[in-house]
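Notebook open, coffee at hand. I want to jot down what I looked up here, entry by entry.

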Amino acid sequence: MGKRIICIVCSGVFALLLAAPTSARADFGDDVGMGTATVLANVVYMPTKLVYATLGGITGSFAYLLTGGNYTAAEKVWTPSLGGDYVLSPEHLRGQEQIYFSAPMQEQQRPIR
């Protein structure tokens, strides 16, 4: 009787040990896949965002100079181009967070319809 109980307990422990790594392996595979996808997406996204921000900074500076130092005119160019996300995360790719290539406009900046 004692050997039978020991066999049942050992079988249960063995089954638990085999079941736990399976779910951990599935999570690890998902994390590796999302990490790889995030890196590959950032290879294209980051340089594109940096070029956009640089051109927006230059254009906003010209707007500031050509309007005689009108900061409001320059800010309307600087805010969308220099704001936003510069790096994508796995949460962005999963759809858990929204991607802002340009900064969202504030309520006071939205055009009147």
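I count a contact when heavy atoms lie within 4.5 Å. By that rule, and leaving out residues up to four places away in sequence, I find threonine 38 touching Leu88, Ser89, Pro90 and Leu93.

Ground rules before I go on. I am working with a predicted model, where local features need pLDDT of at least 70, side-chain atom pairs count only at pLDDT 80 or more, and totals for chains, interfaces and linings use all residues. Numbering runs from 1 along each chain as its sequence is written, and side-chain values use heavy atoms, with hydrogens and water left out.

**Entry: overall layout.** I looked up the secondary structure, taking helices (H or I, at least four residues) and strands (E, at least two) as DSSP runs numbered from the N terminus. The protein chain has three helices and zero strands, and the order from the N terminus is α-α-α. I then checked contacts at a separation of 6 or more: 55% of them in the protein chain join residues 24 or more positions apart.

**Entry: surface and burial.** For areas I used the Shrake-Rupley method with a 1.4 Å probe; for residues, only the protein chains shown count as cover. The protein chain exposes about 8500 Å² of accessible surface, and carbon and sulfur atoms own 68% of that. My burial classes are buried (under 20% relative accessible area), exposed (over 50%) and partly exposed (in between), with a 1.4 Å probe and protein chains only. Of the 113 residues in the protein chain, 16% count as buried.

**Entry: threonine 38.** I placed this residue in helix 1, residues 2–66. Why does threonine 38 count as buried? Its relative accessibility is 7%, and the class begins under 20%, so it qualifies. I also noted arginine 94: it is 56 residues from threonine 38 in sequence, yet the C-alpha atoms are 10.0 Å apart.

**Entry: methionine 46 and proline 47.** Methionine 46 sits in helix 1, and so does proline 47. Buried or partly exposed? Methionine 46 is partly exposed at 31% relative accessible area, and proline 47 is partly exposed at 41%. I measured nothing here, just read off computed C-alpha distances: methionine 46 to valine 87 is 6.2 Å across 41 residues of sequence, while proline 47 to valine 87 is 9.9 Å across 40 residues. Methionine 46 touches Tyr86 and Val87, again not counting residues up to four places away.

**Entry: rings.** I paired rings of Phe, Tyr and Trp (its six-membered ring) with centres within 6.5 Å; planes under 30 degrees apart are stacked, over 60 edge-to-face, the rest tilted. The search of the whole structure gave me four aromatic pairs, and ring pairs link Tyr45, Tyr52 and Phe101 into a cluster. Next I looked for charges over rings (NZ of Lys or CZ of Arg within 6 Å of the ring centre and within 35 degrees of the ring normal). Lysine 49 lies over the face of tyrosine 86 at 4.9 Å from the ring centre, and lysine 49 also lies over the face of phenylalanine 101, at 5.3 Å.
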